[in-house]
Amino acid sequence: METCIECGEKIIGRSDKKFCNDACRNSYNNKQNKDSSNLMRTINSKLRKNFKILSEQNFVEGKAKTSKNKLTTAGFDFEYFTNIKIYKNGSQYFFVYHYGYKLLEDDMVLVVKN
């Protein structure tokens, strides 16, 4: 008989089982993935917040203009985005899913819906 690698209880069943039940299996795997899960959870939280802030802009024909300061004050973190797109004219847009923004002069930001 083998014992559960999470709780040490005796395992009943197949000879290759590692856990006595699903709760022990989940607990063990959660402990193994804790660091990467916390990192991913933190990053996803920042991306969701950035997405929400961009989506709340006053769009006219798919575009909105605001200041970098207003976005930062609302909690926007310019270090977190999902991709960068550089257009043929050289314009560089940072995207948070389907909302993009371009940094303009005088700390202004152009926000677009793609």
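Q: When do two strands count as a pair?
A: Two strands pair if DSSP finds at least two bridges between them. In this predicted model, strand β3 (residues 92–96) and strand β4 (residues 99–103) are joined by three bridges and run antiparallel.

Q: Which residue of β4 stands opposite V96?
A: The residue of β4 that V96 stands opposite is Y99. The two strands, β3 and β4, make a hairpin that leaves two residues between them, and in this turn Y97 has a positive phi of about 60°.

Q: How many bridges pair β4 with strand β5?
A: Five bridges pair β4 with strand β5, which covers residues 108–113, and the sense of this pairing is antiparallel. Y99, which stands opposite V96, has K113 as its bridge partner in β5.

Q: How many residues lie between β4 and β5 in their hairpin?
A: Four residues lie between β4 and β5 in this hairpin, and one residue of the turn, D106, has a positive phi of about 60°. D107, which is found in the loop between β4 and β5, also has a positive phi, near 55°, although D107 is a residue other than glycine.

Q: Is D107 buried or exposed?
A: For a residue to be called exposed, its relative accessible area has to be over 50%. D107 has a relative accessible area of 53%, and therefore D107 is exposed.

Q: Where is E61 found, in terms of the elements on either side?
A: E61 is found in the loop between α2 (34–55) and β1 (63–67). The backbone of E61 has a positive phi of about 55°, even though E61 is not a glycine.

Q: Is E61 buried or exposed?
A: With a relative accessible area of 80%, E61 is exposed.

Q: What is the place of N50, and is N50 buried or exposed?
A: The place of N50 is in helix α2. A residue is called buried if its relative accessible area is under 20%, and the value for N50 is 0%, so N50 is buried.

Q: Which residues is N50 in contact with, leaving aside its neighbours within four places in sequence?
A: When those neighbours within four places in sequence are left aside, N50 is in contact with G75, F76, D77, Y80 and V96. One of these residues, D77, has its backbone oxygen 2.8 Å from a polar atom of the side chain of N50. Another name in that list, V96, has already appeared in this dialogue as the residue that stands opposite Y99 in β4.

How values were computed
Residues numbered from 1 in each chain as written. Predicted model: local features only at pLDDT ≥ 70, side-chain atom pairs only at ≥ 80, totals over all residues. Heavy atoms only, no water. Buried < 20%, exposed > 50% of the residue type's maximum accessible area, 1.4 Å probe, protein only. Polar contact = N/O pair within 3.5 Å; in protein donor to acceptor, adjacent residues only side chain to side chain. Contact = heavy atoms within 4.5 Å.
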